[in-house]
Amino acid sequence: MIESLVTSKQPKRWKLRLINPHSPLSTITLPGIIQKMTFSRKALFAPLNLTICAAVVPPNWDVEIIDENTTDEPHEATAEGVDAVGIGTMTGQAVRAYELADAYRALGVKVILGGIHPSAMPDEALLHADIVCKGDAEGTLPHALNDLAAGCPEQIYDWKDHPDTPIATPRKDLLDPKDYLVFNPIQTTRGCPHGCTFCTTPAIFGRRFRLRAIDDIVEEIHTAKEDFNSSVFIFSDDNVAGNQKWAMELFEAIRPLNIRWASQCDILIARNDKLLAAMRDSGCIGLILGLESPKAGTLASAGKKFISADVYIDRIKKIQSYGISLWGSFIFGFDTDDWRDCMDTVRFAQRADLCMSCYIILTPYPGTVVFEQYKAEGRLLTTEWDRYNGSTVCFRPERMSVDELRHAQMAAFHEFYAMPSAIKRLRVLPFKKHSWMANLAIQRGLSYYYSKKGRPLPHFSDFLEPDAAARIARSLGEVPWKK
Ligand code: B12
Ligand code: SF4
């Protein structure tokens, strides 16, 4: 009797299930190449968004994470033992996220949608969810869950109502490290001070650059070293040195940890020798630079006004002189681009001795200036969100056909990673083991993909042939081809 009284007075414990929906393969994770590059891991990156969500649930909520990218079968909705489901989604995952959300709601389970896509399209997301959290979970999810438990949830929670909530430390104990190639992505900052018109970050999170407590970053690295024996880290930021003064403090603080790290940042770091030295000394081995295009005028028209492409080579060489390898990220399909500009971009990347580079098809992600522009101009070809992956042409290009743009992208990958290009860029001595391994994996992956599909490898020279259209169609697999 006493026992039942005690139990009945126990406050209810609530249960949240967080789900990372299956991610369609994208430019970075080209089909077939991913398995070769992940060294048999099931997924590339641990879902940092959900480990952070898990870290901020109120104390009366238990939480679990299901990552569909690591399970053999698609996740099946079940209402047993769960009070609410939180689903995080980038645009490319939205179709699957909505399927899962609908399935849970049909079972009577409350659904919370969050992440970049629902933040950009809250009205659309509300067709599939009870609650939409816009922006950072730190400033939204605890409020949503408290209100849900109290029986009075609102439909939309906006991070802008709590903009100063600190960036949380993720709960990695809910995932299996063996599933991921990068198990310890670490976020040091959030947002970006710049305003490129194609970029989701300023569109959704504004241009306010948010800095994480340096002690928390150091602590997270210590724990990862001790618990998982990690010594190489990815800082999962948009722009790790977006605030150079703060970045200097961070690099000083992590230098004694004796780690190696890589991240993304803007090219403005090249103007600051002290910063470059501090980066190198703190273990920076590589940086992804969002270069987008080496063509004069294109950057300004894309809102990338803080730099001019004609100083790119000098700035790149300067950063490389500190022993930091560079990976260039380029975009194909701006209104100023034809296929020759795409080819010039590859030649530029080769001249700049970039160790890796990525050629993404311009994608009008919802919320961006480019999305609104193409929508207004009637140039959006699809809003099937799983096609918003950087390898599908989702809008009508100005100076190329859709097929020409797709072909230019694949020719760029093929020519950049081909052996003569790799030898020229990477050289043999000093031997850059990791860059060579990555280049060879991509090169082999591409050859494997094209031979398995029975298609000829793509070249820019195809554009100059009298039967260019037929060659492009064969290489894209639109018509059968036999050697
Ligand atoms: C590291 C990174 C990668 C890594 C790992 C991605 C991954 N799956 O984890 C790699 C290199 C693999 C990658 C690949 C791609 N990426 Co990427 N990537 C990033 C980057 C730089 C950091 C991601 C991250 O860890 N963020 C940290 C987490 C904590 O932030 P978050 O996801 O926004 O989560 C917070 C909130 O959104 C919210 N939230 C998120 N989920 C949920 C769920 C609930 C329930 C709630 C309440 C809240 C909530 O709370 C979180 C904590 O505050 C972001 C930039 C960015 N600002 O996020 C781009 C970014 C996510 N990538 C982007 C893109 C386009 C891609 C690619 C399509 C590129 C390409 N063309 O190939 C591929 C897609 C790969 C795939 N299929 O998954 C875009 C997404 C645009 C969009 N609208 O979807 C971004 C925003 C870059 C940009 N500036 O445009 N990427
Ligand atoms: S600099 Fe990079 S992260 Fe910043 S707004 Fe431009 S594209 Fe986005």
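Start at ligand 1. Select β2 (43–45), α3 (48–55), β4 (84–88), β5 (110–114), α5 (116–120) and α8 (200–205): each of these elements gives at least two residues to the shell around ligand 1. Keep in mind that this is a predicted model.

**Stop 1: the shell of ligand 1**

Colour α3 on its own. With 4 residues, α3 supplies the largest share of the shell around ligand 1. Now show the whole shell: 40 residues surround ligand 1. Label the closest ones, Gly86, Gly88, Gly114, Ala137 and Gly390. Then colour by class. The shell around ligand 1 holds 18 nonpolar, 19 polar and 3 charged residues.

**Stop 2: the two domains**

Give each domain a colour. The assignment for the protein chain lists domain 1 (13–161) and domain 2 (184–471). Where does ligand 1 lie with respect to domain 1 and domain 2? Both domains give residues to the shell around ligand 1, so ligand 1 lies between them.

Put a distance between the domain centres. Over C-alpha atoms, the centres of domain 1 and domain 2 are 27 Å apart. Next, select the contact: 23 residues of domain 1 touch 25 residues of domain 2. On the domain 1 side, pick α2 (33–37), α4 (94–106) and α5, the elements that give two or more residues. The largest share of that side, 4 residues, comes from α5. By class, the side of domain 1 that touches domain 2 has 14 nonpolar, 8 polar and 1 charged residue. Helix α5 was also on the list for the ligand 1 shell.

**Stop 3: ligand 2**

Move to ligand 2. Select the residues around ligand 2 in two passes. Take Cys192, His194, Gly195, Cys196, Cys199, Thr201 and Pro202, which are among them. Then add Asp238, Asn239, Asp266, Gly290 and Lys304, also part of the group around ligand 2. The class split of this shell is 4 nonpolar, 5 polar and 3 charged.

**Stop 4: helices α10 and α11**

Select residues 244–254 for α10 and 273–281 for α11. The two axes come within 9 Å and cross at roughly 30 degrees. α10 and α11 are therefore roughly parallel to each other. Their crossing is left-handed. Turn on side chains at the contact. From α10, take Gln244, Ala247, Met248, Phe251 and Glu252; from α11, take Leu275, Ala278 and Met279. The residues of this contact comprise 6 nonpolar, 1 polar and 1 charged.

**Stop 5: helices α17 and α18**

Now select residues 419–426 for α17 and 433–453 for α18. Here the axes come within 11 Å and cross at roughly 165 degrees. Are α17 and α18 roughly parallel or roughly antiparallel? They are roughly antiparallel, because angles over 145 degrees count that way. The crossing of α17 and α18 is right-handed. Met419, Ala422 and Leu426 in α17 meet Ser435, Trp436, Asn439 and Gln443 in α18. The contact divides into 4 nonpolar, 3 polar and no charged residues.

Stay here and zoom in on the loop between α17 and α18, where proline 430 sits. Check the peptide bond from leucine 429 to proline 430: it is cis, with omega near -10 degrees.

**Stop 6: a backbone detail in β13**

Last, go to strand β13 (residues 284–292) and pick glutamate 292. Glutamate 292 is not a glycine, yet its phi is positive, about 65 degrees. Why flag these last two sites? Most residues other than glycine have a negative phi, and most peptide bonds are trans.

Definitions and conventions
Residues are numbered from 1 along each chain as its sequence is written. Chains are lettered from A and ligands numbered from 1 in the order in which they are written. This is a predicted model: local features need pLDDT of at least 70, side-chain atom pairs count only at pLDDT 80 or more; totals for chains, interfaces and linings use all residues. Axes are lines fitted to C-alpha atoms, for helices over the stretch in contact, and angles run from 0 to 180 degrees between N-to-C directions. Angles under 35 degrees count as roughly parallel, over 145 as roughly antiparallel, 65 to 115 as roughly perpendicular and the rest as oblique. A crossing is left-handed if the near helix is turned anticlockwise from the far one by less than a right angle, and right-handed if clockwise. Two residues are in contact if their C-beta atoms, placed from the backbone, lie within 7 Å. Ala, Val, Leu, Ile, Met, Phe, Trp, Tyr, Cys and Pro count as nonpolar, Asp, Glu, Lys and Arg as charged, and the others, Gly among them, as polar. A residue is near a molecule or strand if its C-beta atom, placed from the backbone, lies within 6 Å of it. Domain bounds come from an automatic or database domain assignment.
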